[in-house]
Amino acid sequence: MSTAFEPITIGRYTARNRVVMAPMTRNRAYGPGASPTRLMATYYAQRADAGLIITESTQPSPIGQGFPNTPGLHSAEQVEAWRRVTAGVHERNGLIFAQLMHAGRVGHPSLHGGTLTPVGPSPVKAAGTVFTMDGPQEFVTPRALDRVGIRETIEDFASAARNAIEAGFDGVELHAGSGFLLHQFLSTNANQRDDEWGGSARGRGRFSVEVARAVADAVGADRVGLRIWPSHVYNDIVEDGHHDTYLALLDALNPLGLAYLHIAEGPDTELTHRLRERWTGTLILNPYTPGAFTGPESLKLIDSGAADLISYASLFMANPDLPRRLRAGGPFNTPDFSRAYGGDHKGYTDYPPLPGP
């Protein structure tokens with residue numbers, strides 16, 4: 001288990017340990033124009049002992065927003081506000097990447113005053129509801145992106161990545177899971193295209209690859225990670241033949257030389273092993289732990305070579321000094337999920353660290 005607390009190279013950087021703070025949406029971007037607040041800066045600075053912090057999902061454009069009070073990286077106002085966050089982490093010698101997430105078809109017009117319709121790979125409405133300021137609302141039928149819209153969306157990601165570097169981030173993670181836009185293109189129910197952006201495993205993966213390529217060109221491949229969540233059904237995702245999809249995706253991504261691949265593992269752990277063998281770079285794993293939090297035992301996956309780093313969500317929410325607690329074997333604060341989304345400092349920045357130096 002000692003290897004989990006040794007340095008490791010992530011792209012152009014050296015992380016102090018192999019414990020990663022996973023991205024967690026907290027819905028507290030109350031600043032003007034969906035910008036982060038000083039409270040958010042405190043939250044991230046508290047967790048700067050992580051080998052790498054990956055921020056909550058951050059929209060690269062207004063239409064990319066999927067939930068209330070989530071931050072963006074598409075305006076000068078947002079860039080300036082994020083500087084407080086990155087400065088606080090860097091003052092504690094931390095490493096922080098911004099996760100860029102476009103909600104695609106699972107956004108809602110109410111987030112934009114009813115003036116914008118969510119977009120997707122095809123005009124296929126997702127089953128279910130989305131949380132809005134007016135309570136749960138049914139998903140709407142998205143506007144299918146045409147070829148021009150696809151290229152504009154790719155440039156939105158590249159522009160947001162440039163903004164992230166300007167705001168002081170060390171890099172960006174592209175979110176290709178959780179049923180959001182990149183994942184929608186990878187799926188076989190949301191993506192019903194028969195052009196070069198769909199129709200086959202390679203075609204469905206093309207959007208993720210082209211976004212990664214554009215962002216790598218914009219800020220450097222060694223500052224770019226990608227997160228996937230294979231065969232996960234969140235937000236009404238279906239992925240027929242998902243082994244073929246993700247193996248083809250990695251074959252196309254490997255030549256780009258990205259900083260890392262981040263796998264949020266589902267029940268198909270066999271695929272994780274195949275992806276580990278296929279991926280030529282650094283691998284972050286959020287392991288499949290049904291009915292439980294990812295705990296200290298998951299660090300053994302680093303010793304075994306199954307992963308290079310392990311990401312933690314729930315435990316990092318409640319334990320700002322999580323690497324120290326993992327090294328000691330606990331004890332661990334219990335997350336208060338009733339305060340996970342929205343609210344003030346309670347259940348956000350008031351979790352106590354271990355006493356002592």
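User: Which residues does UniProt list for "domain: NADH:flavin oxidoreductase/NADH oxidase N-terminal"?

Analyst: The unreviewed UniProt entry gives residues 5–329. UniProt positions follow the numbering used here, and annotations may be inferred rather than shown by experiment. This is a predicted model, in which local features need pLDDT of at least 70 and side-chain atom pairs count only at pLDDT 80 or more, while totals for chains, interfaces and linings use all residues. Residues are numbered from 1 along each chain as its sequence is written, and side-chain values use heavy atoms, with hydrogens and water left out.

User: What makes H3 agree with the span expected of a helix?

Analyst: Happy to check! Helices are DSSP runs of H or I with at least four residues, strands are E runs of at least two, and both are numbered from the N terminus. The expected span is 1.5 Å times one less than the number of residues. H3 has 20 residues and should therefore span 28 Å; its end C-alpha atoms are 29 Å apart, which agrees.

User: How do you know what is buried in H3, and what covers those residues?

Analyst: Buried means under 20% relative accessible area, with exposed over 50% and partly exposed in between, using a 1.4 Å probe and protein chains only. In H3, the buried residues include Ile150, Phe157 and Asn163. Their cover includes H2, S5, strand S10 (171–176), helix H4 (181–186) and helix H5 (201–219), where contact means heavy atoms within 4.5 Å.

User: Which elements do the buried residues of H2 pack against?

Analyst: Among the buried residues of H2 are Trp82, Val85 and Val89. The buried residues of H2 pack against helix H1 (38–46), strand S4 (52–58), strand S5 (96–100) and helix H3 (147–166).

User: Why is one space called a cavity and another a pocket?

Analyst: On a 1 Å grid over the protein atoms alone, a cavity is a set of points where a 1.4 Å probe fits but cannot get out, whereas a pocket is an open set with protein on both sides within 12 Å along at least five of seven lines; lining residues have an atom within 4 Å of a point. Grid points join across faces, edges and corners, and a volume is the space filled by probe spheres set on the points. The largest pocket holds about 1,200 Å³. Its lining has 45 residues, of which Pro23, Met24, Ser178, Trp229 and Tyr341 are closest to the centre. The largest cavity has a volume of about 50 Å³, and helix H7 (residues 269–278) gives the largest share of its lining, three residues.
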